[in-house]
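Here is a short briefing for a first look. Please keep the sequence and the structure in view as you read.

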Amino acid sequence: MKYLLSVCAVLLIAISSAAFALDLQVAKDKGLVGETPSGYLAAPSDKASAEVNALIQDINAQRKVKYIEIAAKVGKSLDIVEQLAGQKAIEKTEAGRLVQLADGSWVKK
């Protein structure tokens, strides 16, 4: 049963990643979402649309599944994997896109 759930989760991630890939890039380009030190996406504004919030929730759910897999594989806590992923995502963020600083403020990279 766990194996079946894992396979379903991987398939869901593959399908939804393809569906949201362009939208995520557009959302980042428009400054509607940005990378955070926690390893997840967030909206820099409290007034994000339902569509942007749905995108963030979907991508973050996919990331969490992956982070849990990585944490189990390398024998580290989920918190550590999330923090390392956040650092890496911020480092890889393209110039002109938003990232959240440790103090919670947002800046263009």
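Where is the place of Gln62? Gln62 sits in helix 2. This is a predicted model, and the points below take it topic by topic.

**Overall layout**

- The protein chain holds three helices and four strands.
- Along the sequence, the pattern runs α-β-β-α-α-β-β.
- Of the 109 residues of the protein chain, 28% count as buried.
- The accessible surface of the protein chain is about 7300 Å². Carbon and sulfur atoms account for 62% of that surface.
- Take the contacts in the protein chain with a separation of 6 or more: 47% of them are between residues 24 or more positions apart.

**Confidence**

- The mean pLDDT of the protein chain is 86. A value of 70 or more is reached by 80% of the residues.
- Confidence is highest in strand 1, at 98. It is lowest in helix 1 (residues 2–29), where the mean is 57.
- Residues 3–21 have a pLDDT below 50. Beyond near neighbours in sequence, this stretch has eight contacts in the model.

**Helix 2**

- Helix 2 has 25 residues. From first C-alpha to last, helix 2 reaches 36 Å, close to the 36 Å expected at 1.5 Å a residue.
- The buried residues of helix 2 are Val52, Leu55, Ile56, Ile59, Asn60, Gln62, Arg63, Tyr67 and Ala71.
- Gln62 has a relative accessibility of 11%, so it counts as buried, the cut-off being under 20%.
- The side chains of Gln62 and Asp58 are joined by a polar contact of 2.6 Å.
- Gln62 and Tyr40 are 22 residues apart along the chain, and their C-alpha atoms are separated by 9.9 Å.
- Ala61 also lies in helix 2. Its relative accessible area is 43%, so Ala61 is partly exposed.
- Ala61 and Tyr40 are 21 residues apart in sequence. In space, they are 9.0 Å apart, C-alpha to C-alpha.
- Gly75 follows helix 2. The phi of Gly75 is positive, near 70 degrees.

**Helix 3**

- Helix 3 covers residues 78–92, which makes 15 residues. At 1.5 Å a residue it should span 21 Å, and its end C-alpha atoms are 21 Å apart, so the two agree.
- Which residues of helix 3 are buried? They are Val81, Glu82, Ala85, Gly86, Ala89 and Ile90. These buried residues cover an arc of only 160 degrees around the axis, so they lie on the same side of helix 3.
- The face turned away from that buried side carries the exposed residues Leu84 and Glu91.
- What do the buried residues of helix 3 pack against? Their partners are strand 1 (34–35), helix 2 (50–74) and strand 3 (98–100).
- Gln87 is another residue found in helix 3. With 48% relative accessibility, Gln87 counts as partly exposed.
- Gln87 and Ser38 are 49 residues apart in sequence. Their C-alpha atoms are 8.1 Å apart in space.

**Glu35 in strand 1**

- Glu35 is found in strand 1. Is Glu35 buried or exposed? Its relative accessible area is 3%, so Glu35 is buried.
- The side chain of Glu35 makes a polar contact of 2.9 Å with the side chain of Lys28.
- Leaving aside residues up to four places away in sequence, Glu35 touches residues including Tyr40, Leu41, Arg63, Trp106 and Lys28.
- Ala89 and Ile90 are also among the residues that Glu35 touches, and both belong to the buried residues of helix 3.
- Leu98, Val99 and Gln100 are touched by Glu35 too.

**Arg97 in a loop**

- Arg97 is found in the loop between helix 3 and strand 3.
- The relative accessible area of Arg97 is 10%, so this loop residue is buried.
- Which residue shares a side-chain polar contact of 3.2 Å with Arg97? The partner is Gln25.
- Not counting residues up to four places away in sequence, Arg97 touches Gln25, Lys28, Asp29, Val107, Lys108 and Lys109.
- Lys28 is thus touched by Arg97 and also by Glu35.

Definitions and conventions:
Residues numbered from 1 in each chain as written. Heavy atoms only, no water. Helix = DSSP H or I, 4+ residues; strand = E, 2+ residues; numbered from the N terminus. Expected span 1.5 Å × (residues − 1). Buried < 20%, exposed > 50% of the residue type's maximum accessible area, 1.4 Å probe, protein only. Arc of directions from axis to C-beta. Contact = heavy atoms within 4.5 Å. Polar contact = N/O pair within 3.5 Å; in protein donor to acceptor, adjacent residues only side chain to side chain. pLDDT = per-residue confidence, 0-100. Areas by Shrake-Rupley, 256 points an atom, 1.4 Å probe, with all protein chains shown as cover.
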